[in-house]
Amino acid sequence: MEAKSSQMVGKTKDNNKVGVIKTWLRKHRLIFTGATRHPFTLSIRDGTVDFKSFKKWLGQDYIFVRAFVPFVASVLVKASKESDDTSDIEVILSGMASLNDEIAWFKKEASRFGVSLTSVVPQKANVDYCSFLEKLMSLEVEYPVAMTAFWAIEAVYQESFAHCLEEGSETPEELKETCQRWGNEGFGKYCQSLQNIANRCLEKAPDNLVSKAEVVFLHVLEHEVEFWNMSRLEA
Ligand SMILES: Cc1ncc(CNC=O)c(N)n1
């Protein structure tokens, strides 16, 4: 088999076969694993999680999700203008619909855990992540770049929480619903659809856009790690 450098970017033969995103996942595997196998989610999986940490994450994530809605709406607008495939809209719209359920779920879950969502103060990592989203909402950000960010944001949660439901995990009963929300098979398929859309866009995109999207992907991973880090109680 011909060895191809994993550093090769752009339209190599390999990219066209496995997709740009797969090549990035290989190239940046350690960083991706840092986001999807974080000590916080691993502590959920092994049952040692501190519920205070969980509550802290819950309150912060509610704020994030509220900011995520207009971001997804901005991706929808870009798709309606720039996409050559009408099914993109349907996938993005289904994501928006689940965010509607998700907001209701956060409210229910917060009351179950005694977290007051109206008094949550956004922490620095959250503010930083939300302003990153804000920048991506700009009309100047191209559809393939925004789509890559969208996929990466969803994929980190999917991979993280699916791991908490795998055979051998000892996730506490009270947290299984949370893990199900992002770790279920349907959410996995939705993330795969987002990845397919991003791949298709990236394959047609000029090299400079592909590089830009790769940088955005890495930024998402950094923000996700910082976001999980917030659940540390001393933070
Ligand atoms: C910080 C963060 N990243 C990704 C997600 C998952 N997307 C929507 O729920 C989330 N809830 N929070």
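This passage describes the surroundings of the ligand in a predicted model, and then the part of the chain that a database record marks as a domain.

The ligand sits in the largest cavity of the model. Thirteen residues surround the ligand, and of these 13 residues the nearest are Asp-61, Glu-102, Glu-154, Tyr-157 and Glu-224. When the residues of this shell are divided by character, nine are nonpolar and four are charged, while no polar residue is found among them.

Several helices take part in building the shell, since at least two of its residues are supplied by each of helix H5 (51-82), helix H6 (87-112), helix H8 (143-163) and helix H11 (207-229). The largest share comes from H5, which provides four residues, and Asp-61 lies in this helix.

Individual atoms of the ligand can be paired with polar atoms of particular side chains. On the side of the ligand's oxygen atoms, one oxygen atom is found 2.3 Å from an N or O atom in the side chain of Glu-102, and an oxygen atom of the ligand is also placed 3.2 Å from an N or O atom in the side chain of Trp-182. A nitrogen atom of the ligand, in turn, has a polar side-chain atom of Glu-224 at 2.7 Å. As for the ligand as a whole, the accessible area that it has on its own is 320 Å², and the protein covers 100% of this area.

The record in UniProt, an unreviewed entry, places the feature "binding site" at Asp-61, Glu-102 and Glu-154. Although these residues span 94 residues in sequence, no two of their C-alpha atoms are more than 13.1 Å apart, and they therefore gather at one spot in the model. Asp-61, Glu-102 and Glu-154 from this set also belong to the lining of the largest cavity, which is the cavity where the ligand sits.

The same unreviewed UniProt entry places the feature "domain: Thiaminase-2/PQQC" at residues 26-232. Over this stretch the chain is 77% helix and 0% strand, and the C-alpha atoms at the two ends of residues 26-232 are 29 Å apart.

How values were computed: Residues are numbered from 1 along each chain as its sequence is written. This is a predicted model: local features need pLDDT of at least 70, side-chain atom pairs count only at pLDDT 80 or more; totals for chains, interfaces and linings use all residues. Side-chain values use heavy atoms; hydrogens and water are left out. A residue is near a molecule or strand if one of its heavy atoms lies within 4 Å of it. A polar contact is a pair of N or O atoms within 3.5 Å; within protein, one must be able to donate a hydrogen and the other to accept it, and residues adjacent in sequence count only if both atoms are side-chain atoms. Accessible areas come from the Shrake-Rupley method with a 1.4 Å probe; for residues, only the protein chains shown count as cover. On a 1 Å grid over the protein atoms alone, a cavity is a set of points where a 1.4 Å probe fits but cannot get out, and a pocket is an open set with protein on both sides within 12 Å along at least five of seven lines; lining residues have an atom within 4 Å of a point. A molecule sits in a cavity or pocket if more than half of its atoms lie within 2 Å of its grid points. Ala, Val, Leu, Ile, Met, Phe, Trp, Tyr, Cys and Pro count as nonpolar, Asp, Glu, Lys and Arg as charged, and the others, Gly among them, as polar. UniProt positions are given in the numbering used here, feature names are shortened, and annotations may be inferred rather than shown by experiment.
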